[in-house]
Amino acid sequence: MVRKLAVYFLWLAVALAATYYLPEFARTPLYVLMLIAYARSSNEPMWLALFMTVGDGFWGFFNPYEAVTRLLPGLPGVEFEQLYILVAFVKALRKAPTEPLFHRGLLRVMGVYIGLLVLQGYALGLSPALNVQFRLVKFLLPLTLLFSIPRLLRSEDDFRELFFYLFPMVFLALFAQVFTIATGITPSQALGVMKKFWFTVDVTKGQTYRGFYSDNSVLLGYFGAYYWLTRPGFFDRRYLYGVIAAAALCVVLSATRGWIIGFSISLVLYLIFVEKLSPKQTFSLGMVSTLVVVLLLQIPVVEKQFANAFKRFSTIQKLMGGDVTAGGTLSRLNERSPRVMDKWSESPISGWGFSDEFFKHGDFHVANQNILLHAGIIGAILMAVFILVYHGTLLLRSLQMPEGAPFKKSLLVWCTFFPGWFFIHSTSGQKFAFYADPIAGMIIGVYLTLGALLYRLSFNLPVKA
């Protein structure tokens, strides 16, 4: 496994070199080389993890529209991970179909509605300019991962290997957080990529650091650690607790209120309904967490950031007291939301679809309002039904299984994790929509596919004599 991890980081180094350290003319050939290597490879988990890292950013590298190649003049650059999605789709078409996903019917309904939103966009007005049409394609292409991932990652062992690559990224994200807080620069700046970042501040002067590295990888790693805790023998439990602690510290150090509350919701629900920790286990977990925090607090500038993060989080009290700006630190409720809702009110039933008006007025900072703007009341209801039926099916299956059954606790992980994820979506930036960027398509594809796989496996357990 160490050799596999070395190969993963070797390919990551190739992507870094192509994007930042080699001349422009060498970038596209190296990207093509990587895509050819992927097309010829059977190691789907490693390549999915690699392109997740590229799509999510790493240490201040792979920021939006940096890992791109320009295929046609006059068109925007194509993100490297979009090309991976295209190759993955072709590979998936060549694979034999898997057993039907229990949510396949729901996906078809959602797909039909997405098609209607595209037609509606053209009917209401969508610029024929090539760059706008190209943008629409890039909005829709990542949705093919909901088809590709189930065909490419077919077993629980495939997902185990995927998380084998992803878990180290959580620790590396925490390292980057601490490094940036302590030095005032990102690791990418330290390694010679001279760029300015809005979140590089001098914490010692009372400024609050707001950076967050590899946030989607941290989120998926946080979920994965909970899942694999319910599957003994796959990962060491102490390692998984370390992943949870590192992910939580990333969130706290980012001083992002929605993420802090969202992670806390998932943790509490998991401990109560899934883990059901004994007093001894609770004490052990508390001691490990305390030790990690104490060690970090030995770094003076990190201690200052903890204080700043707590001060920012305490502004929640002002929000609860009726101050919708949370002491001037929040503009979602009094500025962004009214703008979006005013536009939505002009087309409330089906929204504005993929039209110029949606692209002009959409705002991912107010996620649920943005869903209404894009897909209307019908779209919001469809999404709510999908979420409730998907998680309700897993919950019902878990309740039907006898105590001690292998997947009984595992199925509950989805039901305890999602409320926290949805809170993040609702307060800190859109995570669910009728379109996706590459990293969102990957995360949601993994989440839905692993849940459906587990549901199917729960019916194929050996019968005791």
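1. A residue counts as buried when its relative accessible area is under 20%. Phe354 has a relative accessibility of 0%, so Phe354 is classed as buried. The model in which this is seen is a predicted one.

2. Phe354 sits in the loop that links helix H16 (332-344) to helix H17 (356-361). Setting aside neighbours within four places in sequence, Phe354 has contacts with Ile114, Leu117, Val118, Gly121, Leu126, Leu136, Phe139, Leu140, Phe359, His374, Phe434 and Tyr435. A C-alpha distance gives another view of this loop residue: Phe354 and Leu124 are 230 residues apart along the chain, yet their C-alpha atoms are separated by 8.8 Å.

3. For the chain as a whole, the model has 20 helices and 2 strands. The protein chain has 465 residues, and 52% of them are buried. If one takes the contacts between residues at least 6 apart in sequence, 76% of these join residues at least 24 apart.

4. Is Thr186 buried or exposed? Its relative accessibility is 0%, and Thr186 therefore counts as buried. Thr186 belongs to the loop between helix H8 (156-183) and helix H9 (187-190). Its side chain makes a polar contact of 2.8 Å with the side chain of Ser188. With residues up to four places away in sequence left out, Thr186 touches Trp59, Phe179, Thr180, Phe197, Phe199, Thr200 and Tyr213.

5. Asp215 is part of helix H10, which covers residues 215-229. Apart from residues up to four places away in sequence, Asp215 touches Asp56, Trp259 and Lys431. The C-alpha atoms of Asp215 and Val170 are 8.9 Å apart, with the two positions 45 residues apart along the chain.

6. The next point is a pair of helices. Two packed helices are described by the angle between their axes and the distance between those axes. Helix H19 (residues 408-428) packs against helix H20 (residues 438-457) at an angle of about 150°, and the axes are 9 Å apart. Angles over 145 degrees count as roughly antiparallel, and H19 and H20 are therefore roughly antiparallel to each other. Their crossing is left-handed.

7. Which residues of H19 and H20 meet? From H19 they are Ser410, Leu411, Trp414, Phe417, Phe418 and Trp421. From H20 they are Ile443, Ile444, Tyr447, Leu450, Gly451, Leu454 and Tyr455. Of the residues in this contact of H19 with H20, 11 are nonpolar, 2 are polar and none is charged.

Conventions:
Residues are numbered from 1 along each chain as its sequence is written. This is a predicted model: local features need pLDDT of at least 70, side-chain atom pairs count only at pLDDT 80 or more; totals for chains, interfaces and linings use all residues. Side-chain values use heavy atoms; hydrogens and water are left out. Axes are lines fitted to C-alpha atoms, for helices over the stretch in contact, and angles run from 0 to 180 degrees between N-to-C directions. Helices (H or I, at least four residues) and strands (E, at least two) are DSSP runs, numbered from the N terminus. Angles under 35 degrees count as roughly parallel, over 145 as roughly antiparallel, 65 to 115 as roughly perpendicular and the rest as oblique. A crossing is left-handed if the near helix is turned anticlockwise from the far one by less than a right angle, and right-handed if clockwise. Contact means heavy atoms within 4.5 Å. Ala, Val, Leu, Ile, Met, Phe, Trp, Tyr, Cys and Pro count as nonpolar, Asp, Glu, Lys and Arg as charged, and the others, Gly among them, as polar. Buried means under 20% relative accessible area, exposed over 50%, partly exposed in between (1.4 Å probe, protein chains only). A polar contact is a pair of N or O atoms within 3.5 Å; within protein, one must be able to donate a hydrogen and the other to accept it, and residues adjacent in sequence count only if both atoms are side-chain atoms.
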